[in-house]
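Biologist: Could you take a close look at the place where the ligand sits, and then walk me outwards from there? I am new to this, so please go step by step.

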Amino acid sequence: MAEKPLLSVEEAERILSAFPVAVKTETRQLQAAQDRILAQDIRSPFAMPEFDKSAMDGFAYIAADRSPAYRIIETIAAGTPPRLAVTPGHCSRIMTGAMLPAGADRVVKRECTREENGSMTITAEDRNSNIRKKGEDLHAGQLVLAAGEKLRPAQIALLASLGMADVPTARPPRVGILTTGSELVDPGAPLAPGQIYNSNSFSLAAQLRETGAEAVLLGRVADNARATVEAIASGLEKCDVLILSGGVSAGDFDFVPAAMRAAGFALHFEKIAVQPGMPTVFGSRDDKVAFGLPGNPVSTFVIFEIFIKPLLLRLQGHAYRPLVQPAQLASPFHRSHGGRTAFVPVTCREGRAVLVAYHGSAHLHSLSQANALLRVPAGVQDIAAGSTVDVRFI
Ligand code: AMP
Ligand code: MG
């Protein structure tokens, strides 16, 4: 069989970003909508503030009225409309958030007044009018949140202030994680000689949660062609997107690409010119998509971050832009082959990128120390200390 050509990182990104997806939506109660992606534009149903109101505890009066004292005609609490209009020589005691009475156009805060025998005297200059005008924050019908925005605490607060109890959100994609590898044991069980712990199911599930997707743990399948096809077929019934870890390389026991084909998938790419993670496979069958990721833990992590995360966010209607910033490289970078685009763990603070000791794509400890990935362009083998480089925060 002819070797599939090696795609550049940019070509693979283009294929994924052009891949047609349908965003599914569901209505959530406001509290349960946190961290979801908003599925529709939201317009304010009314003006904000809803009416002219006082911004202070004090006295509402007529700004142009310079009377030596003002007779207090009523007390207006927040939540109760005023009963009386204010006229010259008069004022109403008013609380923060209470509706401004007719006639009044200024509030003097309590700290600038003295009260005696049912009258108020202004004792110090209050430079503010202390009125929040109707509609000064929002006018009725104003677009306040756009579809695709993530609902963080401030957005939840805004929606509550607009009286929304239910929110249209994107339904998170269900993403199945299927781990291949006869050598793998889940944490908690003892290791026999030759075995290692399965970390990829856990890193993928954690990364999925960060994108808002629902992780469906499909367990582990041994390195066996038939078992892999069967596990793909049954796993697909439980998810929209399937991620397989391991079994995509050229080894005697790497069955994933063939098993994906046997399960009916068309493969759109089978190798990317990227380091780590070259043998990454992407395929689709009807409205389902599947990825086969190389099993080395740093490869799995990096490929998810660079290629899968943007797709999962697009499936929720969110146009994700990774945080990529220029930084100054603290020490020289060297690699023995320069053909592929590389992503290398670094710690980046205040514009300075420091290489973390990194022995290759199995070196999880290195990744755990990093907060960003240095992007080394294809063709570049050496980068001098002090050079400006691109880092992508993780
Ligand atoms: P593979 O892609 O299956 O050839 O695996 C490449 C390397 O990654 C091997 O050393 C595997 O033991 C290791 N590996 C595969 N799957 C996992 C996993 N789920 N967790 C940790 N290491 C893994
Ligand atoms: Mg394997």
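Modeller: Ligand 1 has 17 residues around it, and those that come nearest are Glu183, Asn198, Ser199, Gly247 and Gly295. Keep in mind, as we go, that this is a predicted model. Sorted by character, the shell around ligand 1 holds five nonpolar, 10 polar and two charged residues.

Now zoom in on single atoms. The side chain of glutamate 183 has an N or O atom 2.5 Å from an oxygen atom of ligand 1. Asparagine 296 takes part through its backbone instead: an N or O atom there is 3.2 Å from an oxygen atom of the ligand. Asparagine 200 also uses a polar backbone atom, which lies 3.4 Å from a nitrogen atom of ligand 1. How much of ligand 1 does the protein cover? On its own the ligand has 480 Å² of accessible area, and the protein covers 78% of that.

Let's step away from the ligand and look at the nonpolar cores. The largest one has 34 residues, and Phe291, Phe307 and Leu312 have the most contacts inside it. Several elements each supply at least two of its residues: helices H1 (9-18), H3 (200-211) and H6 (297-314), together with strands E13 (174-180), E17 (241-245) and E21 (288-293). The biggest share comes from H6, with 10 residues. To get a feel for this core, click on phenylalanine 291: beyond its close neighbours in sequence, it touches residues including Leu16, Val241, Ile243, Phe282, Ile308 and Leu311. There is also a second, separate core of 19 residues, with Leu178, Ala231, Ile232 and Val248 among them.

Two more residues are worth a visit. Glutamine 155 sits in helix H2, which runs over residues 153-161. Is glutamine 155 buried or exposed? It counts as buried because its relative accessibility is 18%, under the 20% limit. Leaving out residues up to four places away in sequence, glutamine 155 touches Leu145, Glu149 and Lys150. Valine 144 is 11 residues from glutamine 155 along the chain, and their C-alpha atoms are 9.4 Å apart.

Threonine 347 belongs to strand E24, residues 341-349. The same reasoning works here: threonine 347 has a relative accessible area of 17%, so it is buried. Which residues does threonine 347 contact, leaving aside its neighbours within four places in sequence? They are Arg352, Ala353, Val354, Val356, Gln369, Ala370 and Asn371.

Notes. Residues are numbered from 1 along each chain as its sequence is written. Chains are lettered from A and ligands numbered from 1 in the order in which they are written. This is a predicted model: local features need pLDDT of at least 70, side-chain atom pairs count only at pLDDT 80 or more; totals for chains, interfaces and linings use all residues. Side-chain values use heavy atoms; hydrogens and water are left out. Helices (H or I, at least four residues) and strands (E, at least two) are DSSP runs, numbered from the N terminus. Buried means under 20% relative accessible area, exposed over 50%, partly exposed in between (1.4 Å probe, protein chains only). Contact means heavy atoms within 4.5 Å. A nonpolar core is a set of buried Ala, Val, Leu, Ile, Met, Phe, Trp, Tyr and Cys residues joined through side-chain atoms within 4.5 Å. A residue is near a molecule or strand if one of its heavy atoms lies within 4 Å of it. A polar contact is a pair of N or O atoms within 3.5 Å; within protein, one must be able to donate a hydrogen and the other to accept it, and residues adjacent in sequence count only if both atoms are side-chain atoms. Accessible areas come from the Shrake-Rupley method with a 1.4 Å probe; for residues, only the protein chains shown count as cover. Ala, Val, Leu, Ile, Met, Phe, Trp, Tyr, Cys and Pro count as nonpolar, Asp, Glu, Lys and Arg as charged, and the others, Gly among them, as polar.
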